[in-house]
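Colleague: Could you take me through one part of this model slowly, namely the place where the protein meets the DNA? I am new to this, so please also tell me how the protein chains fit into that picture.

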Protein chains: 2
Amino acid sequence: MNSPFSTKTVQPDISLSICGYTKVLEIISNKWTALVIYAMEDGIIRYGDIRRRIEGISKKMLTQTLRQLERDGLVKRDITPAVPPIVEYSLTQLGESLLEPMRALKQWTNENYSQVEQARESYDRVNNEE
Amino acid sequence: MNSPFSTKTVQPDISLSICGYTKVLEIISNKWTALVIYAMEDGIIRYGDIRRRIEGISKKMLTQTLRQLERDGLVKRDITPAVPPIVEYSLTQLGESLLEPMRALKQWTNENYSQVEQARESYDRVNNEE
DNA sequence: CTGCATCCTTGGGGATACTG
DNA sequence: CAGTATCCCCAAGGATGCAG
C-alpha cells in the first residue's frame, strides 16, 4: 500500500524486459504468428498448405514467421529432399505447451469480444460529436 | 485430413479478422498495454503512480494506452475535480476477466521462457557462422 | 497533476521479381 | 515447391513543448 500522503516512494517495478506478460507477447504478437500456430494445431502441415489456409499471407511473411517460430523452438521443420522439395512443419512439444494458454485467450475472446465491441461503440458515440 | 494425392482442395479457413487468437492480441499486444494492465492488477491507481511504476513509459504513450483500454471497456477512469486534478484508474469487471488468461500466459513464460532462450542460442550458433 | 499537439524516426510488413 | 532479394510505405511510438 502506498502512503496516502505521498507518492514519491513509488519506484519502477515493472519493466518491458522482465514482465512475463510482455515476453510471451514478443513471441506471439507479430501480425501472422498466432495464425500460423493456429494452422499447425492439427499436426504436420506443408508450407504451401499453411499458405493456402491463411487468407492473405504472403510467402515472405509466412517464411519469416516460420523462421522466427523455429528459432524460438516452437516449430519444427522437416525437409524431404526431392524435386520439388517437400517441407513439413509442426509444433514442437514446447510449441504445443503454448497452445493451452493461447486457447484460454481465444476462449476469452469468444465469450467477451462482443462486450468490447459494445464498449467501443458506446465510447465513440460519446466522444465523436464534433 | 487432406487427400494424399492433392492439396488443391485446401481453402482459406483462417483469417486475421475472424481468428480469436488475433482479436485479443489486437487489444493487448501494443508495446505498453500489458504493462499498464499489470500495473492495475492490485486495484485503483493514479496516473502518476502508473507512470512511476513502469520503467521508461512516456506520458504520451501512457495516456494513449489508457485511452485505448478505456475505449475497449477494460479500464475505468475516475476524475476528482481539484487543482491539481486527481485521476484514478482501475480495471473494469471485463478487464479483470481478461486477467485470468493473461496470467496463464505469464505462467507459461515463467515455466518455459528459458527453453525459448536456449532454442534461440542454439539456432543462432548453427546459423551464424559466415 | 494530467494531459494534448506536433514533429520525426524506425522497422514491420506489403508488392514484386528471381532461384535451387 | 519453397523459398530469397529488393524496394517501398505507413503507422507505432519516441521527444519535446504547451495547457487546464
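**Where the protein meets the DNA**

Modeller: Happy to, and let us begin with a single contact: in chain B, Arg46(B) has a polar side-chain atom 3.1 Å from a sugar or linking oxygen of DNA strand C. Please keep in mind that this is a predicted model, and that the distances I quote are computed from it.

Stay with DNA strand C for a moment. Tyr89(B) reaches a phosphate oxygen of this strand, with an N or O atom of its side chain 2.6 Å away. Chain A takes part too: a polar side-chain atom of Trp32(A) sits 3.2 Å from a phosphate oxygen of DNA strand C. Which elements give two or more residues to the surface near DNA strand C? From chain A there is helix H4 (59-71), and from chain B there are helix H3 (47-53), helix H4 (59-71) and strand E3 (86-91). H4(B) provides the largest share, 4 residues.

Now widen the view to the whole surround of this strand. There are 18 residues around DNA strand C, and those that come nearest are Lys31(A), Lys60(A), Lys59(B), Arg77(B) and Tyr89(B). Of the strand's atoms that come within 4 Å of the protein, 68% belong to sugar and phosphate. By class, the residues of this surface are 8 nonpolar, 3 polar and 7 charged.

Next, turn to DNA strand D. Around it you will find 19 residues, the closest being Lys59(A), Arg77(A), Tyr89(A), Lys31(B) and Lys60(B). Here sugar and phosphate make up 66% of the strand's atoms that come within 4 Å of the protein. Arg46(A) places a polar side-chain atom 3.1 Å from a sugar or linking oxygen of DNA strand D. Gly48(A) uses its backbone instead of a side chain: one of its polar backbone atoms is 2.8 Å from a phosphate oxygen of DNA strand D. From chain B, a polar side-chain atom of Lys31(B) comes to 2.4 Å from a phosphate oxygen of DNA strand D.

The elements that each supply at least two residues near DNA strand D are H3, H4 and strand E3 (86-91) of chain A, together with H4 of chain B. The largest share, 4 residues, comes from H4(A). This surface holds 8 nonpolar, 3 polar and 8 charged residues.

How are the two protein chains related? A turn of 180° and a shift of 0.0 Å along the axis lay chain A on chain B with an RMSD of 0.1 Å. The two copies are therefore related as by a two-fold rotation axis. Both copies use the same surface for their contact, since 100% of the contact residues of chain A recur in chain B.

That brings us to the contact between the chains. Each side is listed with its own count: 58 residues from chain A and 58 residues from chain B. Between them the chains bury about 5700 Å², and 69% of this is on carbon and sulfur atoms. On the chain A side, Ile14(A), Tyr21(A) and Arg71(A) lose the most area to chain B, together 16% of what that side buries.

Charged pairs also cross this interface. The salt-bridge rule finds 6 of them between chain A and chain B, while a search of the whole structure finds 14 over all chains. In one salt bridge, the side chains of Arg53(A) and Asp13(B) meet at 2.8 Å, N to O. This pair joins two chains, because Arg53(A) lies in helix H3 of chain A and Asp13(B) in the segment before helix H1 (20-28) of chain B. Asp72(A) and Arg120(B) also form a salt bridge, at 2.6 Å from N to O. Counting polar contacts across the interface gives 18 residue pairs, with both residues at pLDDT 80 or more. H5(A) gives the most to the side of chain A that touches chain B, with 20 residues. That side of chain A divides into 29 nonpolar, 12 polar and 17 charged residues.

One last detail is worth finding on your screen, back towards strand E3. The peptide bond from Val83(A) to Pro84(A) is cis, with omega near 0°, and Pro84(A) lies in the loop between strand E2 (75-80) and E3 of chain A. In chain B, a cis peptide bond joins Val83(B) and Pro84(B), and Pro84(B) has its place in the loop between strand E2 (75-80) and E3 of chain B.

Technical notes
Residues are numbered from 1 along each chain as its sequence is written. Chains are lettered from A and ligands numbered from 1 in the order in which they are written. This is a predicted model: local features need pLDDT of at least 70, side-chain atom pairs count only at pLDDT 80 or more; totals for chains, interfaces and linings use all residues. Side-chain values use heavy atoms; hydrogens and water are left out. Copies are superposed by least squares on the C-alpha atoms of residues with pLDDT of at least 70 in both. Contact means heavy atoms within 4.5 Å. A residue is near a molecule or strand if one of its heavy atoms lies within 4 Å of it. A polar contact is a pair of N or O atoms within 3.5 Å; within protein, one must be able to donate a hydrogen and the other to accept it, and residues adjacent in sequence count only if both atoms are side-chain atoms. Ala, Val, Leu, Ile, Met, Phe, Trp, Tyr, Cys and Pro count as nonpolar, Asp, Glu, Lys and Arg as charged, and the others, Gly among them, as polar. Buried area is the accessible area (1.4 Å probe) that two parts lose on being put together, summed over both. A salt bridge is a side-chain nitrogen of Lys or Arg within 4 Å of a carboxyl oxygen of Asp or Glu.
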